[in-house]
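Please look over the model shown here, and keep it in view while reading the report that follows.

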Amino acid sequence: MRVDREFWVLLGWLLAACAAVVGVAVYLYPRFEWASLRAGWAAVGLIMVMAWWLFRRNRRRPAVYLSTMPALNVSGGGALPYLRHLPPALSVVGLGLFILALARPQLQNSWQDETVDGIDIIIAMDFSASMLARDLKPDRLSAAKNVGMRFIDDRPNDRMGLVVYEGEAYTQCPLTTDHQVLKDLFAQAKSGNIEGGTAVGMGLATAVNRLRDSDAKSKVVILLTDGVNNAGSVQPLDAAQIARQYGVRVYTIGVGSRGKALSPVAVRPDGTYHYDMVPVEIDERSLEGIAEATGGKCFRATDERKLAAVYSEIDRMEKNRRKVTEHSRRSEEYAPLLLWGCGLLLGALLLDLTLLRSMP
């Protein structure tokens with residue numbers, strides 16, 4: 001079988017068409033999910049049919065050899081003679097797009113519905129003068145505020161509030177999801193704003209009162225003190241029973257080193273405190289009773305590191321409950337490939353019958 005220059009030109013056109021189809025496939029493959037990759041076998045069939053057509057066309061191609069052939073050469077003709085193999089090339093690209101459409105490219109749209117069962121938490125903190133003792137750096141109150149605000153940052157899905165107590169108790173910030181406002185009010189709170197003393201029972205009762213109408217599945221009070229209840233009209237264990245009735249769990253924290261600590265003992269005329277070494281007295285038995293009665297836990301923090309560890313443990317014990325529902329939807333994206341394939345096949349047919357029509 002004689003293979004002439006015309007065969008190689010046609011083969012070049014067809015290889016270019018195949019390269020175009022492969023380029024489209026490489027571009028589209030990572031952008032879609034493909035439902036039926038078995039359609040790739042159709043590409044093997046297309047290659048086999050194309051090879052058979054080339055072989056048959058070259059074998060049956062008529063040829064007439066004339067000794068005077070050079071005299072019949074006509075120059076010119078424009079670009080049309082170079083495009084005479086465009087219809088079969090377009091047909092190959094069109095069929096290749098059909099095969100890609102058979103593979104059914106799809107786009108997947110996935111999303112999640114997440115519901116979070118948040119926890120309502122009130123931090124009830126002792127702001128009495130003894131919290132200015134310097135056994136924690138720079139003092140107990142500053143260390144407790146810093147660790148407490150980090151705890152707030154770590155729980156963005158919870159409603160939280162702040163109760164401040166000395167000889168009396170009041171709500172510095174009610175339950176809120178605006179944690180920046182809570183932190184601002186936390187930072188503004190200071191010792192000496194109300195009557196002196198340590199009303200642990202009043203502080204707990206005020207915190208429980210803030211939680212009694214809560215519809216949260218978990219209600220928690222973090223009660224922090226460095227002393228003994230010596231003020232207020234409510235005893236700590238009585239407040240614990242009230243908390244239990246309302247389903248409030250109380251975690252108690254005793255803050256202060258063991259032994260003696262440099263603590264304020266008197267107020268100077270200029271309003272500053274005079275410090276001296278004072279024995280640290282924390283009613284741990286009462287704090288343990290409060291925690292036991294409400295299903296919580298009692299902690300002792302003798303330095304900043306242990307105080308941070310206490311808040312971390314509470315954070316681990318009071319985890320939010322999340323329910324995640326996953327949804328997905330697929331959309332078929334083969335229609336553009338079918339339209340382009342039909343357009344190329346139709347264009348190839350029209351060119352073959354009109355502008356690039358060849359005479360036998």
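In this report, a nonpolar surface patch is made of residues with over 30% relative accessible area and no salt bridge, whose nonpolar side chains are joined within 5 Å. The model is a predicted one, and in it Leu346, Leu349, Leu350 and Leu353 make such a patch, with an area of about 390 Å². Of these residues, Leu346 is found in helix H10, which covers residues 335-353.

Turning to the interior, the largest nonpolar core has 35 residues, and those with the most contacts inside it are Ile123, Met125, Leu224, Ile253, Leu307 and Tyr311. Among the elements that give two or more residues to this core are strand S3 (120-126), helix H4 (140-153), strand S6 (219-225) and helix H9 (304-317), and the largest share, seven residues, comes from H4. Apart from this core lies another one of 21 residues, including Ala17, Val21, Ala39 and Ala89. Leaving aside neighbours within four places in sequence, Leu307 is in contact with Leu136, Ala143, Ala144, Val147, Leu224, Ile253, Val255 and Ala301.

Is Ser214, in the loop between helix H6 (200-211) and S6, buried or exposed? Ser214 counts as buried because its relative accessibility is 12%, and the cut-off for buried is under 20%. Beyond its neighbours within four places in sequence, Ser214 is in contact with Asp120, Arg159 and Lys219. The table lists two polar pairings of its side chain.

| Side chain | Partner | Distance |
|---|---|---|
| Ser214 | Asp120, side chain | 2.4 Å |
| Ser214 | Ala216, backbone nitrogen | 3.1 Å |

How values were computed: Residues numbered from 1 in each chain as written. Predicted model: local features only at pLDDT ≥ 70, side-chain atom pairs only at ≥ 80, totals over all residues. Heavy atoms only, no water. Patch = residues over 30% accessible without salt bridge, like charges linked within 9 Å, V, L, I, M, F, W, Y side chains within 5 Å. Areas by Shrake-Rupley, 256 points an atom, 1.4 Å probe, with all protein chains shown as cover. Salt bridge = Lys/Arg side-chain N within 4 Å of Asp/Glu carboxyl O. Helix = DSSP H or I, 4+ residues; strand = E, 2+ residues; numbered from the N terminus. Core = buried A, V, L, I, M, F, W, Y, C linked by side-chain atoms within 4.5 Å. Buried < 20%, exposed > 50% of the residue type's maximum accessible area, 1.4 Å probe, protein only. Contact = heavy atoms within 4.5 Å. Polar contact = N/O pair within 3.5 Å; in protein donor to acceptor, adjacent residues only side chain to side chain.
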